[in-house]
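Colleague: Could you take me through this model? I should like to begin with its provenance and then turn to individual elements.

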Amino acid sequence: MSALSFLTANSIKRATSTLSFRLFRTKCFSYYSTICRRNASFAFPSINPPRPKKVPFKVTAHGHTWDDPYHWMSNVEDPDFLTHLRQENSYAEAFMADTCSKQRKLFLEMSSRLPAKISTPPERWGPWLYYQYIPKGKEYPTLCRKLCDDQKGWVKSIQNFVKVGRTEEILLDWNEIAEIYGYVHVGTCRISPDHNFLAYTVDTVGSEQFMLLVKDLRDGHIVLKLEADAVVSLAWAEDSSTLFYTISDKNQRPYRVLCRKVQSNDDTLIFMENDPNFCVDITCTKDGKFITINSNSRTSSEVYVIDATHPLDGLRRIHKRIPGVQFFVEHHYGFFYVLTNYPTNEAKKLLGGNYYLAMCRVEDICSTNWQNIILPHEDTSLQDMDIFNEHLVLFLNQKGNSVICSIDLPMDIKCKNVMEIEDLNPWFFPVPSDLCQMVLGSNHNFITSTYRVVLSSPVMPDVIVDYDMSKRSLSVVHQEEVLGVAGQALSNSWSLNINGEELANIEAHKNKPHIEGLRDLKDFSVAYCCEIKQVVSGDGVRIPLTIIYSRGALRNSQSPGLLQAYGAYGEILDKSWCSDRLSLIDRGWVLALADVRGGGGGGSSWHKCGSGLQKMNSVYDFVACCKYLVEEGYVHKDRLAAIGYSAGSLLVGAAINMYPDMFCAAILKVPFLDVCNTLMDTSLPLTILDHEEFGNPQIKPELESIMRYSPYDNIAEGLCYPAMLLMASFNDSRVGVWEPAKWVAKVRELTCTNCARAIILKTEMSGGHFSEGGRFGQCEEKAREYAFFMKAMGMLDNPKE
């Protein structure tokens, strides 16, 4: 379901030593093999790797100076750099030449599991049923709608919407844009309140400089096209003709809010954020009564509200910004609901700056006269909220597990000023006991009692579930179709988890919720195992590690393994179903996903403990998970690989510098590796914002911290490094294409010459930070990655397949 993302909801140790720029220069010996892996297993190209020029350049900070002879690569307009990237692509192609047959085989496997047509079930919003599908043979989705047949009722319309004699309207076809430009990335889509206009942003080169278009859905004409500015977020006023949007500065920081009538060429400036540490986002409350302007740093926020009925009457600020304090606002019949970690006496029992929910009347929004404080229970953190005509939905983290509950509105709150969620008779949504991932549906319709969620796990294809908050029942609407997979098991043997209580025998349980469609669900837990282990990191903190393998193919202490982590920005690592993984798992691989600190899943404190001065915790956690896989017999000690995306590559690169002999192979995709130099250059996009996440090198203790883990600055000289595939995009505005290029050049220069021949760089000369491929393009990319791992481990011609 990842390809159909439009209907997804829009719902961060102080170093005391002196500067040390080669903390990991010396060998970190362990029981892992230190034999040069290039002496066996696979062949090298007949050509040698490129050798880029070196240009003297010195970097100075806090009285210390060091050389960076590959700094010249940061000038992407240098003809020598373009020539070098093409040479690297040629070398990478030559290195991978003997994997072509394997890539084709893997691609056919992956694509054969995809149904001819992929679609989402319709979701009602106003008088329309909105849905998406990927047409047969196409790469990208199409956004469509049909009028709902109200004569038959909502449920009947959902069941029979294909048969209803209504004309399908195609609102937006990603494939048409891709055919014209060769690349498509749709950023934001917003339907007007009267359903007559579609406002959307699109990037056609990969630079994330989105242009704004408004389409009249009544005749299909584009009535507004704004190409000059980088547009990020959108919001409609209640009149459906006034559109608010944000634009970015030269560093891709959204900083201005503008307003325009659809049929006009004139803009009105509504708000401008001058602090370079803050970005501006704009959205509507669920009921459409207010527009909120949110000015956010990584850790702080300030919110303004605009009356959507009178959009040009000015804005009101909820509360002045306070470092480390955030506010999120919704509206419900004259009351604002504020999700915040603002420190008050009532919320002092919450640890680590966790969030609580407060209420206030609309007329009191500019004061701190908040009432009816709602606190989460002990061992539970409040993550987010949503609101409907008759229900409040709360998203919780309970001991590392995601939990959703609904509370009936209006609440009976006359007797208490401070209460806990349990005091409000919440309904906790039942979920499968082995659930790993919950993704929210779009849930645009304010006047509904149904809440849509996508449930998934590494052994269960995505399931779309509708929770009826009035009846406190659930129904399974749709499950992702997977073709050609053996070992299917009906899910009537499932158990459910309701607020931590497991119902092992659903049918026999006297208080079982009313469930429709559960018997028809399928998972693959008979053939594949998904385990969640708690790995003890160096400081004693337990790190959740999800391990997936084939029950029939696992070989104790002999299996190859692949570990992935991210660990930044409080983002939760994706652990949903992915059929592509089966091409490794069925060959006996063990796949593991590490929820290291710095990521999400454990509340705000989990993020804080892996960011800034404590970023090394993320690296230590990752290394601990690597060792666990080997020591517990899941993976052979010479067959461990790692993969990292963007900031996740920082972990992999740092771990390789510390323990190069621990890995057989690694893939680093659009990798953040030259951490110190990037954070020192405030002219680069997002750098100033990232100071809160990784540190500011202009501050000495923070520079010391960065230089402990920065992959580019800690390469271990003279040692054998694993085979590595680095993947970059020339138009990437988030991580400069020069970062992986510099890393590859420096690793080849400083480490074992023979091993360095197995380090390759592939640069996509068009496209940006996010993969440009559709569903088949993603299969091709994954097939290339898996073939690289198999080559690095000498498994291209495995007779046991």
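Modeller: The following exchange covers the provenance, the nonpolar core, one helix, several strands and two single residues.

Colleague: What kind of model is this, and which pLDDT do local features need?

Modeller: This is a predicted model in which local features need pLDDT of at least 70 and side-chain atom pairs count only at pLDDT 80 or more, while totals for chains, interfaces and linings use all residues. Residues are numbered from 1 along each chain as its sequence is written, and side-chain values use heavy atoms, with hydrogens and water left out.

Colleague: Which residues touch the most other members of the largest nonpolar core?

Modeller: They are Leu-545, Phe-622, Met-724, Trp-743 and Phe-788, in a core of 125 residues. A nonpolar core here is a set of buried Ala, Val, Leu, Ile, Met, Phe, Trp, Tyr and Cys residues joined through side-chain atoms within 4.5 Å. Buried means under 20% relative accessible area, exposed means over 50%, and partly exposed lies in between, with a 1.4 Å probe and protein chains only.

Colleague: Which helix gives the most to this core?

Modeller: Helix 7, residues 616–631, does so with nine residues. Helices (H or I, at least four residues) and strands (E, at least two) are DSSP runs numbered from the N terminus.

Colleague: What does Phe-788 touch?

Modeller: Leaving out residues up to four places away in sequence, the contacts of Phe-788 include Phe-95, Met-96, Ala-666, Met-724 and Ile-760. Contact means heavy atoms within 4.5 Å.

Colleague: Ala-666 appears there; where is it found?

Modeller: Ala-666 is in strand 44, residues 665–669, and it counts as buried because its relative accessibility is 0%. Apart from neighbours within four places in sequence, Ala-666 is in contact with residues including Val-652, Ile-656 and Phe-789. Ala-666 and Leu-563 are 103 residues apart in sequence and 9.4 Å apart in space, C-alpha to C-alpha.

Colleague: Turning to helix 8, how many of its residues are buried?

Modeller: In helix 8, 12 of the 12 residues are buried, so the helix is largely enclosed by the rest of the structure. Val-652 and Ile-656 are among them.

Colleague: What span does helix 8 reach?

Modeller: Helix 8, residues 647–658, reaches 18 Å from its first C-alpha to its last, close to the 16 Å expected at 1.5 Å a residue. The expected span is 1.5 Å times one less than the number of residues.

Colleague: On to the strands. Which way do strand 17 and strand 18 run?

Modeller: Strand 17 (residues 290–296) and strand 18 run antiparallel and are joined by seven bridges. Two strands pair if DSSP finds at least two bridges between them. A hairpin connects strand 17 to strand 18 through four residues, and the bridge partner of Phe-290 in strand 18 is Asp-307.

Colleague: Is strand 18 mostly covered or uncovered?

Modeller: Strand 18, residues 301–307, is mostly covered, with six of its seven residues buried. Two bridges also join strand 18 to strand 19 (residues 316–317) in antiparallel fashion, where Val-305 stands opposite Arg-316.

Colleague: Finally, with which side chain does Thr-242 make a polar contact?

Modeller: The side chain of Thr-242 makes a polar contact with that of Asp-239 at 2.8 Å. Such a contact is a pair of N or O atoms within 3.5 Å; within protein, one must be able to donate a hydrogen and the other to accept it, and residues adjacent in sequence count only if both atoms are side-chain atoms. Thr-242 lies in strand 13, residues 242–248, and counts as buried at 2% relative accessibility.
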